[in-house]
Amino acid sequence: MKYNQLGNTGMFVSEICLGAMTFGGRGRFKIVGEVGLKDATAIVSRSLEAGVNFIDTADVYSDGMSEEIVGQALKDIGVKRSDVVIATKCFGRTGTGPNDLGASRGHIMDAVQRSLERLQTDHIDLYQIHGNDSVTPVEETLRALDDLTRQGLVRYTGVSNWQAWKIMKAQGIAQARGQARFETLQAYYSIAGRDLEREIVPLLTDQKIGLMVWSPLAGGLLSGKFGPGSNGPECARRTAFDFPLVDKERAWKCVDAMREIGKAHDVSVARVALAWILAKPFVTTIIIGAKTMEQLDDNLAAADLKLTVPEVSKLDEVSALPPEYPGWMVAFQGGERRPQPR
């Protein structure tokens with residue numbers, strides 16, 4: 001297992017992160033997974049044995065049950081607290097009141113205390129704002145997160161599903177005010193969904209922000225079990241919950257190319273899809289969610305699959321984004337402004 005620097009911090013996390021969204025099965029997340037404590041503990045244990053030191057959850061996953069299971073599983077396994085990096089998130093609705101959601105100071109302060117209790121820990125290593133709050137001023141959110149880091153309840157902070165301009169605005173405010181900055185972005189990225197590369201990836205590289213990839217298999221669409229004219233297995237999550245949004249015609253071309261490469265390596269299509277992401281230098285970690293041990297083992301093995309340069313190039317070509325302004329104009333005008341070889 002390879003370990004990468006978390007953003008611009010001195011902390012290192014495994015390139016594969018165990019996602020806990022499949023744990024619990026309560027409420028609307030039942031469709032994602034119903035992994036109970038016993039099986040979840042086995043999944044966490046196997047992940048730790050494979051070198052994973054990073055676990056991601058959220059307060060909305062199964063109405064808090066995911067956090068409860070993660071906390072209890074780690075306690076039952078007896079892992080040393082400093083040997084595991086726990087990440088969780090707040091933003092989504094956790095109650096019926098008007099203030100039981102969002103990124104306001106009030107909701108953040110309430111949410112973090114509840115998460116600490118469910119996780120059975122005295123601190124959260126990475127606390128993330130799970131979505132974009134169009135109402136709360138960024139300054140209010142940043143002040144609350146900075147206070148939490150100064151109190152020691154949170155070690156580092158990050159965001160998820162934010163636009164590039166808003167992330168940059170937040171970084172500028174944090175720097176000007178001497179506050180804790182965002183060290184990570186958790187975002188959707190896959191070989192069938194490379195939109196992130198247009199504006200956000202250059203931002204992450206410039207600001208040294210770590211990228212945590214959610215849904216690297218596009219909700220199972222890139223598992224190799226789906227294709228043109230097929231809805232896939234009835235038990236598959238993607239069959240009942242068609243998310244995230246994907247251009248399926250482009251996705252099938254990617255699957256065809258990955259299937260060919262998978263046969264050459266005698267590995268699954270899913271493993272090739274994950275290995276392609278891991279080959280990207282701007283990716284810190286990919287979040288995998290498993291409902292079975294077989295699925296977990298196959299995903300973990302992606303860390304050992306090294307694609308050749310021609311294979312990566314082939315996959316890059318088949319999944320290339322269509323030109324979009326101003327990107328094509330920047331490329332057209334910028335040829336002479338690149339560093340010249342000596």
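A residue is called buried when its relative accessible area is under 20%, and exposed when that value is over 50%. Keep that in mind for the close-ups below, which come from a predicted model.

**Figure 1. Helix H9 is mostly tucked inside the structure.** Of the 10 residues in H9, 9 are buried, so the rest of the structure largely encloses this helix. Here's the roll call of buried residues: Val269, Ala270, Val272, Ala273, Leu274, Ala275, Trp276, Ile277 and Leu278. What does the covering of these buried residues include? Among the elements doing the job are four helices, namely H6, H8 (248-265), H10 (293-300) and H11, together with strands S9 and S10 (285-288).

**Figure 2. Helix H6 has its buried residues along one face.** H6 runs over residues 196-207, which makes 12 residues. From first C-alpha to last it reaches 15 Å, close to the 16 Å expected at 1.5 Å a residue. Leu196, Ile200, Val201, Leu203, Leu204 and Gln207 are the buried ones. Look down the axis of H6 and those buried residues fall within an arc of 155°, so they line one face of the helix. Here's a handy bit of background: an α-helix has 3.6 residues a turn, so residues three or four places apart point the same way. Which exposed residues sit on the face of H6 turned away from its buried side? That face carries Thr205 and Asp206. As for the buried residues of H6, their cover includes helix H5 (164-177), strand S8 (182-188) and strand S9 (210-214). Just after the helix comes Lys208, with a positive phi of about 55°.

**Figure 3. Here is the second largest pocket, with about 450 Å³ of space.** Its lining is made of 26 residues, and the closest to the pocket's centre are Asn4, Lys280, Pro281, Phe282 and Val283. Which elements give two or more residues to the lining? They are strand S1 (3-5), H6 and helix H9 (269-278), so to speak the pocket's wall-builders. Sorted by class, the lining has 13 nonpolar, 8 polar and 5 charged residues.

**Figure 4. Two residues in the loop after S9 have a positive phi without being glycines.** Ser215 is found in the loop between S9 and helix H7 (237-240). Its phi is positive, about 55°, although Ser215 is not a glycine. Is Ser215 buried or exposed? With 14% relative accessibility, Ser215 counts as buried. Ala218 is found in the loop between S9 and H7 too, and has a positive phi of about 55° although it is no glycine either. At 0% relative accessibility, Ala218 counts as buried.

**Figure 5. The peptide bond from Tyr325 to Pro326 is cis.** Omega for this bond is near 5°. Where is Pro326? Look in the loop between helix H11 (309-318) and helix H12 (327-333).

**Figure 6. Met65 is partly exposed.** This residue lies in helix H2, which covers residues 65-77. Met65 has a relative accessible area of 24%, which means it falls between the under 20% cut-off for buried and the over 50% cut-off for exposed. Set aside the neighbours within four places in sequence, and Met65 is in contact with Gly24 and Arg26. Met65 and Leu296 are 231 residues apart along the chain, and their C-alpha atoms are separated by 20 Å.

Terms used. Residues numbered from 1 in each chain as written. Predicted model: local features only at pLDDT ≥ 70, side-chain atom pairs only at ≥ 80, totals over all residues. Heavy atoms only, no water. Expected span 1.5 Å × (residues − 1). Buried < 20%, exposed > 50% of the residue type's maximum accessible area, 1.4 Å probe, protein only. Arc of directions from axis to C-beta. Contact = heavy atoms within 4.5 Å. 1 Å grid on protein atoms, 1.4 Å probe; cavity = no way out; pocket = protein on both sides within 12 Å on 5 of 7 lines; lining within 4 Å. Points joined across faces, edges and corners; volume = space filled by probe spheres on them. Nonpolar A, V, L, I, M, F, W, Y, C, P; charged D, E, K, R; others polar.
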